[in-house]
Amino acid sequence: MRNHDVPDFIRKFFLSVHRRAVAAHRAFLCATLLPASPAATLAQSPQGGASFPVGIRELEYIDPHEGGRHLTLSVFYPAAIRERPAAPFVMPFFTKLNLYKDAEPAFGTSKHALVMFSHGRGSNGLYYAWFAEFLAAHGYIVAALNHYRANTYDSTIAYLANKLWQRPRDIGLSISFLLNDPFWGKSIDADRIGVAGHSQGGFTALWVGGARINPEKYLAFQRGWRNNQMVPEYLRNELPLDAAPALDVHDKRVKAVFAMAPGIVQAFGMDEAGLRQLTVPTYITVGAGDTQAPPKHFTSSPAGSTTTYSSTSATRMEEMNFRKPASTLPASTAARSMRRSATPP
C-alpha cells in the first residue's frame with residue numbers, strides 16, 4: 001500500500017501521537033544519555049532536525065533458557081548512504097518515515113547510546129518506528145523488540161496478562177545479546193543504556209529500571225485472570241500462580257527510563273512504594289484518560305536520581321539535564337508536572 005492510499009484519519013492519528021511524544025523523548029532521553037560525541041550535540045538541537053539517514057535491520061536470536069524462546073528485534077541506527085543506493089523500508093499505514101533496510105551504519109570508531117523500546121500489549125516494535133527513527137537520526141541505536149508470545153504476530157493470554165515478568169526479562173536478554181554480538185557490541189556504549197516503552201511497555205521500562213512489585217498484589221492479579229470466566233477454561237488452567245519470577249527483573253545496566261502511559265501498574269502490584277525503588281533518572285507521562293496511571297502524588301525517587309511525573313500528554317517541555325541535582329532543574333512546562341529529590345527511606 002502506498003502512503004497516499006492511507007486513509008486521512010489514520011495519517012492524522014499517527015501524526016498527532018508523533019507530535020506529542022517527540023518533545024518528551026527528545027527532552028529526556030537525549031539529555032539523560034548525553035554522550036560526548038558530535039552526534040549527541042546534534043541530538044540537543046531544539047529544532048529536532050535529522051542529522052543522519054536511518055537504517056533498520058531485523059535480528060533474531062534464541063534464548064537458551066525457558067525452553068528456547070525465539071525473540072526478534074528491529075534495530076534502528078544512524079546510517080551512511082553513499083554512492084550505492086539503499087533500499088527503502090516501507091511500512092503500510094505509516095507516513096513520513098524514511099528508513100533504509102540494512103544500510104551501512106555511520107558508526108566509525110565511536111560508541112553510541114542504546115535505547116531499548118518495549119511495545120504495548122499485543123503490539124510490536126515496528127509500530128513505534130516513528131519514535132525510533134527520531135532518536136536514530138540523532139546518533140542513537142534503538143532496539144525495538146517483539147515481546148515473546150505477546151506481540152501482534154504471536155501471542156497468548158499467558159504472556160499478555162499473566163507472565164508479565166517475561167517482558168523485562170526480554171529487555172535484559174536483548175541487551176546482553178546486542179552487547180555480545182560481534183557487530184553491534186563494538187558500537188554500543190554499555191554505560192549509556194536506556195529503556196523506553198508505551199502502555200505495558202511503559203511499566204516494563206519502569207520494572208527493568210528498578211521499580212518493584214508487591215508480590216501479594218501480583219498474585220491477586222494472576223488469580224483474577226485465572227478466575228476470569230471470559231477466558232476459555234483450558235487456557236485458564238495453564239496460567240501460573242507464582243509471583244517469584246516477578247521479583248527480580250531489575251537490570252543495573254539501565255541508566256534511564258522513559259514511560260509513556262504505563263498501563264495497569266497499580267492493578268498488578270507496582271504501587272507507590274515500588275516506584276520509589278527507582279534509582280535512575282525516570283520520566284513518566286500519561287494522558288487524562290489513563291485511569292490506571294501512577295499515583296498523582298508520586299513525584300520522587302531516592303537520592304541521586306530524579307523522577308518526573310506529568311499528568312498530561314507532554315507536548316511542550318523544556319530540555320532537562322537529569323544529571324544535575326533536582327533543585328537546579330528548570331521547571332517543566334507540562335501541566336502539573338512535579339519533581340523533587342528524596343532521601344532513601
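Me: Which residues of H5 are buried?
Reply: In this predicted model, helix H5 covers residues 166–180. A residue counts as buried when its relative accessible area is under 20%. In H5 that condition is met by Gln 166, Arg 167, Pro 168, Asp 170, Ile 171, Gly 172, Ser 174, Ile 175 and Leu 178.

Me: What distance does helix H5 reach from its first C-alpha to its last?
Reply: Helix H5 has 15 residues. The expected span is 1.5 Å times one less than the number of residues, which comes to 21 Å for H5. The distance in the model is close to that expectation, at 21 Å.

Me: Which residues of the largest nonpolar core touch the most other members?
Reply: Nonpolar side chains tend to be buried together in soluble globular proteins. The largest nonpolar core here has 56 residues. Leu 178, listed above among the buried residues of H5, is one of those with the most contacts to other members. The full answer is Leu 178, Trp 207 and Met 270.

Me: Which residues does Met 270 touch, not counting residues up to four places away in sequence?
Reply: A contact requires heavy atoms within 4.5 Å. One of the partners is Trp 207, itself named with Met 270 among the core residues that touch the most other members. The partners of Met 270 are Phe 203, Leu 206, Trp 207, Ala 211, Arg 212, Ile 213, Val 265 and Leu 275.

Me: How many residues are in the other core, apart from the largest?
Reply: This core lies apart from the largest one. Among its members are Leu 99, Leu 126, Ala 136 and Tyr 140. Its size is 32 residues.

Me: Why is the pair of Tyr 128 and Trp 130 described as tilted?
Reply: The structure holds 21 aromatic pairs, and Tyr 128 and Trp 130, both buried, form one with ring centres 6.4 Å apart. Planes under 30 degrees apart would count as stacked and those over 60 as edge-to-face. The planes of this pair are at 40 degrees, so the pair is tilted.

Me: In which helix do Tyr 218 and Phe 221 lie?
Reply: These two residues are both buried. Their rings form a tilted pair, 6.5 Å centre to centre with 35 degrees between the planes. They are three residues apart, about one turn of the helix. That helix is H7.

Me: The charged end of which residue sits over the ring of Tyr 148?
Reply: For this arrangement, CZ of Arg or NZ of Lys must be within 6 Å of the ring centre. Here the distance is 5.0 Å. The residue is Arg 69.

Note on methods
Residues are numbered from 1 along each chain as its sequence is written. This is a predicted model: local features need pLDDT of at least 70, side-chain atom pairs count only at pLDDT 80 or more; totals for chains, interfaces and linings use all residues. Side-chain values use heavy atoms; hydrogens and water are left out. A nonpolar core is a set of buried Ala, Val, Leu, Ile, Met, Phe, Trp, Tyr and Cys residues joined through side-chain atoms within 4.5 Å. Buried means under 20% relative accessible area, exposed over 50%, partly exposed in between (1.4 Å probe, protein chains only). Rings of Phe, Tyr and Trp (its six-membered ring) pair if their centres lie within 6.5 Å; planes under 30 degrees apart count as stacked, over 60 as edge-to-face and the rest as tilted. Helices (H or I, at least four residues) and strands (E, at least two) are DSSP runs, numbered from the N terminus. A charge sits over a ring if NZ of Lys or CZ of Arg is within 6 Å of the ring centre and within 35 degrees of the ring normal.
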